[in-house]
Amino acid sequence: MERDGHRALAWALWAIAVLLALAAVTFLVLGRAAAAPTESFGFRGFSIVFALVFGTTGLVIASRVPSNPIGWMFLAAGIGSGLQELAQQYAIYGILYRPGSLPAPDVGAWITQWIWIPLTAIAIVFIPMLYPTGRLPSERWRPIVWTAAVLIAADMAAFALAPGPLEEFRAVDN
């Protein structure tokens, strides 16, 4: 893909992150009277900030140095953060604020159960391993990367498939 193609892809991915964040803001405003689940991390809407910051950082890096995977990882984290917040605000609106008003709010609740795991891994595991060049310090790091990826996937599966009520939305069974 040529440089212009990479730049267009980076802008498109950034736009997806921003659109997800805006959709999350819409549900946040519509359901502002609803209290967030007590088990929620942070304040309502905090992942909107992550979507915009990670997405914009990824846009800057990926559009200027498309060969560096760090920019693409930031873009992925931006999209994931936007999706996480949209899913959570959708679930809050459809389960807590106006039950029955939206189709499948339990799917939004389920997404919030596990999506934070790969996003956190990108930010605190993979980007630091590749910083600043986009490459591992040496070949000896490859087993660490693969081990981390397998453990993260297993953790995601465990959270996504755990039977019983969801952690943040106790009224929803997994």
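Trainee: In this predicted model, which helix supplies the largest share of the largest nonpolar core?

Mentor: The largest nonpolar core has 13 residues, and those touching the most other members are Ile70, Met73, Phe74, Ile122, Phe126, Ile127 and Ile152. At least two residues of this core come from each of α3 (69-97), α5 (116-130) and α6 (142-161). The largest share, six residues, is supplied by α5.

Trainee: Which residues does Ile127 touch, not counting residues up to four places away in sequence?

Mentor: Ile127 is one of the residues that touch the most other members of the largest nonpolar core. With residues up to four places away in sequence set aside, the contacts of Ile127 are Ile70, Met73, Phe74 and Ile122.

Trainee: How many residues make up the other core, which lies apart from this one?

Mentor: Among the members of that other core are Ala24, Tyr90, Tyr93 and Leu102. Two of these names, Tyr90 and Tyr93, also appear in a cluster linked by ring pairs, together with Phe27 and Tyr97. The size of this other core is ten residues.

Trainee: What is the geometry of the aromatic pair formed by Phe46 and Phe50?

Mentor: Searching the whole structure gives nine aromatic pairs, and one of them joins Phe46 to Phe50, with 5.5 Å from centre to centre and 90 degrees between the planes. Both residues belong to helix α2, where they are four residues apart, about one turn of the helix. Because planes over 60 degrees apart count as edge-to-face, the Phe46 and Phe50 pair, at 90 degrees, is edge-to-face.

Trainee: Is Phe46 buried or exposed, and how does Phe50 count on that scale?

Mentor: Phe46 has a relative accessible area of 11%, and because buried means under 20%, Phe46 is buried. Phe50 has 37% relative accessibility, a value that falls in the range between 20% and 50%. Phe50 therefore counts as partly exposed.

Trainee: Which residues make the nonpolar surface patch of about 380 Å²?

Mentor: Phe50, found in helix α2 (residues 46-64), has a relative accessible area of 37%, and patches are made of residues with over 30%. The members of this patch are Phe43, Val49, Phe50 and Val53.

Trainee: What is the relative accessibility of Gly55?

Mentor: Gly55 lies in helix α2 and, not counting residues up to four places away in sequence, touches Trp14, Phe50, Phe74, Leu75 and Gly78. One of these contacts, Phe74, is also among the residues that touch the most other members of the largest nonpolar core. Gly55 counts as buried, and its relative accessibility is 0%.

Definitions and conventions. Residues are numbered from 1 along each chain as its sequence is written. This is a predicted model: local features need pLDDT of at least 70, side-chain atom pairs count only at pLDDT 80 or more; totals for chains, interfaces and linings use all residues. Side-chain values use heavy atoms; hydrogens and water are left out. Patches are made of residues with over 30% relative accessible area and no salt bridge: like charges are joined within 9 Å, nonpolar side chains (Val, Leu, Ile, Met, Phe, Trp, Tyr) within 5 Å. Accessible areas come from the Shrake-Rupley method with a 1.4 Å probe; for residues, only the protein chains shown count as cover. A salt bridge is a side-chain nitrogen of Lys or Arg within 4 Å of a carboxyl oxygen of Asp or Glu. Buried means under 20% relative accessible area, exposed over 50%, partly exposed in between (1.4 Å probe, protein chains only). Contact means heavy atoms within 4.5 Å. A nonpolar core is a set of buried Ala, Val, Leu, Ile, Met, Phe, Trp, Tyr and Cys residues joined through side-chain atoms within 4.5 Å. Rings of Phe, Tyr and Trp (its six-membered ring) pair if their centres lie within 6.5 Å; planes under 30 degrees apart count as stacked, over 60 as edge-to-face and the rest as tilted.
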